[in-house]
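Reader: I should like to discuss the structure shown below in a few short exchanges.

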Amino acid sequence: MRRAIREPGPVGPGSRIALRNWRISTRLVSLLALPVVAATSLGALRIQQSMDDIQQLDNMKLLTEMTKASTTATTR
C-alpha cells in the first residue's frame, strides 16, 4: 500500500486575515473589544431594568397615596 506524499503548499506571508499576521496592537484591541462591548451592553440592560423598576415604584407610591387619601376621605 502506497501513501500519497503531500507536497508543502506555497510558503509566503499568508493571508492578511490570519491572526499571526496581525500587529500586536490590533490583536490587543480585538482581544479587549469583545469584553468591553459585552460589559457595556449588559450594563445598559441593567440600567434600563433599574429605570423600569423606579417608574413602577413611583406608580405604586402614587397609588398608595391616592388609596390613603380616599380611605381618609370616606371615614370622615
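The questions and answers that follow concern this predicted model.

Reader: How many helices and strands does the protein chain have?
Author: The chain has 76 residues. Its secondary structure comes to zero strands and one helix.

Reader: What distance separates the end C-alpha atoms of helix α1, and what span should its residues give?
Author: Helix α1 runs over residues 24-75, which makes 52 residues. At 1.5 Å a residue, the helix should therefore span 76 Å. The separation of its end C-alpha atoms agrees with this, at 76 Å.

Reader: Where does α1 bend, and which proline follows?
Author: The bend amounts to about 25° and is located at alanine 33. Within four residues of that position comes proline 35.

Reader: What percentage of the residues of the protein chain count as buried?
Author: A residue counts as buried under 20% relative accessible area. The chain exposes about 7900 Å², of which carbon and sulfur atoms supply 64%. Of its 76 residues, the buried share is 0%.

Reader: Is leucine 28 buried, partly exposed or exposed?
Author: Leucine 28 lies in helix α1 and, with Ile24, Leu31, Leu32 and Val36, makes a nonpolar surface patch of about 530 Å². Its relative accessible area is 47%. Because this value falls between the limits of 20% and 50%, leucine 28 is partly exposed.

Reader: Which backbone oxygen lies 2.8 Å from a polar atom of the side chain of threonine 67?
Author: Threonine 67 is a residue of helix α1 and counts as partly exposed, at 44% relative accessibility. The 2.8 Å separation is within the 3.5 Å limit for a polar contact. The backbone oxygen in question belongs to leucine 63.

Key:
Residues numbered from 1 in each chain as written. Predicted model: local features only at pLDDT ≥ 70, side-chain atom pairs only at ≥ 80, totals over all residues. Heavy atoms only, no water. Helix = DSSP H or I, 4+ residues; strand = E, 2+ residues; numbered from the N terminus. Expected span 1.5 Å × (residues − 1). Bend = angle between axes of the 7 residues up to and from the residue. Patch = residues over 30% accessible without salt bridge, like charges linked within 9 Å, V, L, I, M, F, W, Y side chains within 5 Å. Areas by Shrake-Rupley, 256 points an atom, 1.4 Å probe, with all protein chains shown as cover. Salt bridge = Lys/Arg side-chain N within 4 Å of Asp/Glu carboxyl O. Buried < 20%, exposed > 50% of the residue type's maximum accessible area, 1.4 Å probe, protein only. Polar contact = N/O pair within 3.5 Å; in protein donor to acceptor, adjacent residues only side chain to side chain.
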